[in-house]
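Hi,

Here is the structure I promised to pass on. Have a look at it first, and then read my notes underneath.

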Amino acid sequence: MAKNLLIVESPAKAKTINKYLGKDFQVLASYGHVRDLVPKEGAVDPDHDFAMNYDLIEKNEKHVAAIVKAIKQADALYLATDLDREGEAISWHIAEILREKKLLKDKEVHRVIFSEITPRAIKEAVANPRQLSMELVNAQQARRALDYLVGFNLSPVLWRKVQRGLSAGRVQSPALRMIVEREEEIEAFIPREYWSVEADLAHPDQPFKARLLKLNNKKFEQFDLTNTEDAHAARNALHKAAQGRLVVGEVQSKERKRRPSAPFTTSTLQQEAARKLGYATSRTMRLAQQLYEGIAIGDDGVVGLITYMRTDSVSISDEATGELREVIVREFGRQSLPDQPNVYKSKSKNAQEAHEAIRPTSAALTPKRVAAYLSPDHARLYELIWKRTVASQMQYATMNTVSVDFPCGPDAAFRATGTTVVDPGFLAVYEEGRDQKGADDEDDARKLPAMKVGEAVPLRDILTDQHFTEPPPRFSEASLVKALEEYGIGRPSTYASIIQVLLNREYVILDSRRFKPTDVGRAVGRFLGSHFARYVDYDFTARLEDELDAVSRGEEDWVPLLSRFWKPFKAQIDEKMETVDKSEASGSRVLGEDPKSGKPLSVRLGRYGPFAQIGTKDDEDKPKFASLRPGQSMHTITMEEALELFKLPRTLGTSEDGEEITVGIGRFGPFVKVGSTYASLTKEDDPYTIELARAQELIKAKAEALANRIIKDFGNGIQILNGRYGPYITDGDKNARIPKDREPPTLTEAECVELLAAAPFRPKRGFAKGAKKQAAAKKAAGAGATKKAAASKTAKKKTASKKTAKKKTARKKTATKKTAAKKAPAQKKAPTSPAAAGES
């Protein structure tokens with residue numbers, strides 16, 4: 001056995017490193033975190049210095065078992081998990097598990113960190129280990145405890161006051177607030193009209209346009225012309241003053257230097273990959289992780305292509321800088337190399353400068369050289385990282401900006417601006433993207449013809465264009481990451497998970513690659529903003545991050561930090577649970593009175609989404625309900641739009657048998673109905689406009705599908721049916737597969753009974769939670785009934801058990817029946833409103 005055991009997080013990394021270290025080392029993977037807080041109340045105990053109750057993560061138990069087995073044979077343990085707080089905590093958890101099992105006696109324990117997976121870096125790290133940093137571990141523990149305390153205590157408030165099944169996160173909630181506030185800003189925006197004025201000049205060398213600079217002896221501002229009449233009057237006056245030409249009054253030429261952007265941090269990589277490659281943050285991080293852990297590159301074997309991808313630092317090691325300079329000279333010429341290396345300082349308060357920026361492990365591995373070994377996605381991301389890193393060490397770009405002023409009469413003037421690239425420098429390799437481009441970008445892209453003072457340039461026309469101000473855009477992934485970083489919310493390594501959580505919870509959706517809050521998201525955002533404003537406040541969240549950073553630096557203790565947070569937070573939770581009104585919390589709105597009944601018409605958030613309601617639960621008559629249409633929001637719907645919803649269900653006509661054909665919307669979407677037959681509408685069908693002929697087509701298709709579904713019916717509830725995944729046997733309660741060597745129609749009733757008896761019990765959708773337990777309880781009760789008591793004490797216990805089992809089974813049977821009735825298959829009976837689906 002190897003004398004040394006080295007633990008990393010991923011199997012890909014383990015495989016790569018194993019080749020570098022030789023037979024004295026055994027390299028195993030922990031597969032990420034090995035322990036986490038137990039998933040129940042009390043996992044963090046505020047009454048006992050926030051003691052944390054950890055348990056093994058079930059899916060990683062076998063990997064921990066492998067580590068336990070290996071350490072028994074090893075002399076030393078090297079903990080080589082990732083070099084951030086999460087990695088430090090994983091190393092600590094592994095060491096704690098082994099200590100509890102008394103497996104580290106007389107064994108050396110080393111912490112090993114490296115930012116790139118190359119033979120040199122790995123061997124150097126192993127030769128220079130350090131001790132575990134409890135400061136980093138405690139910072140991670142404090143963050144985990146905070147997230148747990150917020151989630152476990154704030155989520156129940158949302159369940160009771162907004163909607164069941166909701167949850168809140170310490171960092172996700174301020175991010176959600178940001179998206180919701182932007183949406184409200186967009187909705188509240190009132191456009192303003194304004195006019196732009198340009199001179200269209202016909203220079204013999206090159207036509208170009210000049211913007212109005214001065215009007216009526218003052219600088220021309222955006223809102224100086226706000227209507228058609230004034231704009232046309234100004235245009236006529238300028239035409240008259242120009243007399244068909246403009247004369248050059250002044251030419252200014254200014255040379256400026258543009259410096260390259262710093263190498264990538266986690267945040268800037270996510271932003272640029274979103275802008276330039278269209279990658280989601282989660283996709284960027286997944287691809288970067290794989291490039292870091294290693295890709296097979298021909299005869300070189302598995303090579304780690306980039307440095308560690310979770311970093312705030314923009315610094316590059318001297319060795320890497322030296323290699324970059326050699327590559328720049330070889331690839332782009334000596335004129336592209338500055339006299340001294342470019343040095344960058346991180347803007348992040350807690351950037352660990354010992355770490356490096358994200359860079360290629362070897363600049364000599366050009367994108368062209370490795371492209372054949374990479375997938376298209378990996379290749380594009382690697383090229384982005386390589387170009388950004390190389391450009392960061394190149395010569396600045398030299399730009400020449402020319403501004404030409406054209407007086408137009410005594411009190412007006414135009415200006416044309418253009419830019420010429422004198423020396424491209426780093427721009428020959430890379431230019432940073434932008435979320436939005438403005439007029440300055442257009443000027444940078446334009447080149448003007450050479451002109452001298454006094455030169456007359458023919459005027460083709462003076463152009464006036466009407467514009468309206470636009471609301472701020474919704475956040476894209478790039479702009480949201482940038483905003484989170486600017487506000488200090490979360491850390492770059494958490495941005496991808498923040499975004500993914502908001503999408504998974506359906507608090508936001510991506511609409512044209514921009515984040516739009518759902519009605520549920522808006523309700524949660526507004527509720528938290530109104531009642532827990534402090535905890536979704538950007539400054540408060542940022543200060544908390546700074547305090548966690550201070551813990552990681554050993555400047556602050558984590559227990560007092562948690563105590564300062566917990567006491568006021570818990571008091572506010574208790575108070576809001578008692579005082580907040582549910583209707584107000586969920587964002588309910590009264591739109592007005594229904595003109596037919598005179599009852600209030602409101603929009604509310606229900607268990608299955610937003611819906612409109614006429615009347616209240618206190619009325620003698622039951623309220624009427626109608627689901628909102630796709631694309632409608634309870635926060636913006638008008639009275640007129642809401643009234644339209646109650647036109648359903650509507651009668652389209654009658655079938656050949658004289659049965660009424662109706663169309664409505666149920667829990668599972670829009671449908672047409674005749675008798676007991678329901679047929680779902682397609683995406684192209686609109687329940688408000690569908691006509692009788694189309695409804696009959698859908699009903700006919702459904703009837704044919706139902707007819708073709710039955711392969712064989714034995715008349716006693718046992719059938720052989722065509723299902724979504726092929727033929728199967730059913731008795732209504734259990735389903736059984738058909739043997740591969742048998743044709744479904746040839747099966748006998750006896751064979752079907754035998755196959756059903758052998759089939760496992762699988763609860764159908766709509767069964768109550770714990771249906772499996774019910775089946776087990778029934779089985780256990782039945783088995784217990786057949787056994788005889790061996791002693792009177794045992795007999796009494798068994799009798800009590802039987803009674804309990806019977807009672808429980810009876811209760812569970814009732815619950816199951818109720819649940820099954822509520823969740824009947826759509827084709828049998830679909831609810832026509834949220835009321836039918838359990839709303840009130």
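Let me start with the sheet: an open one of 4 strands in the order 2-1-7-8, paired in parallel. Two strands count as paired if DSSP finds at least two bridges between them, and strands (E, at least two residues) and helices (H or I, at least four) are DSSP runs numbered from the N terminus. At the edges sit strand 2 (25–29) and strand 8 (108–111), each of which pairs on one side only. On average, neighbouring strands of this sheet are turned by 20° against each other, direction ignored.

Before going further, the small print. This is a predicted model, where local features need pLDDT of at least 70 and side-chain atom pairs count only at pLDDT 80 or more, while totals for chains, interfaces and linings use all residues. Residues are numbered from 1 along each chain as its sequence is written, and side-chain values use heavy atoms, with hydrogens and water left out.

Back to the sheet: strand 1 (residues 4–8) and strand 7 (residues 76–79) pair in the parallel sense over 4 bridges, and Asn4 stands opposite Ala76 in strand 7. Helix 1 (residues 11–21) packs on the sheet, touching strand 1 and strand 2, and its direction makes about 170° with that of strand 2. Helix 2 (residues 61–71) also packs there, touching strand 1, strand 2 and strand 7, at about 160° to strand 2. Contact here means heavy atoms within 4.5 Å; axes are lines fitted to C-alpha atoms (for helices, over the stretch in contact), with angles from 0 to 180 degrees between N-to-C directions.

Now the cavities. On a 1 Å grid over the protein atoms alone, a cavity is a set of points where a 1.4 Å probe fits but cannot get out, and lining residues have an atom within 4 Å of a point. There are 4 cavities of 30 Å³ or more, and the largest has about 90 Å³ of space, a volume being the space filled by probe spheres set on the points. Its lining has 13 residues, with Val150, Gly169, Arg170, Tyr535 and Val536 nearest the centre. Helix 17 gives the largest share of that lining, 3 residues.

One last spot: Gln243 lies in the loop between helix 7 (228–242) and strand 12 (245–247). Gln243 counts as exposed because its relative accessibility is 63% (exposed means over 50%, buried under 20%, partly exposed in between; 1.4 Å probe, protein chains only).

Cheers

Conventions
On a 1 Å grid over the protein atoms alone, a cavity is a set of points where a 1.4 Å probe fits but cannot get out, and a pocket is an open set with protein on both sides within 12 Å along at least five of seven lines; lining residues have an atom within 4 Å of a point.
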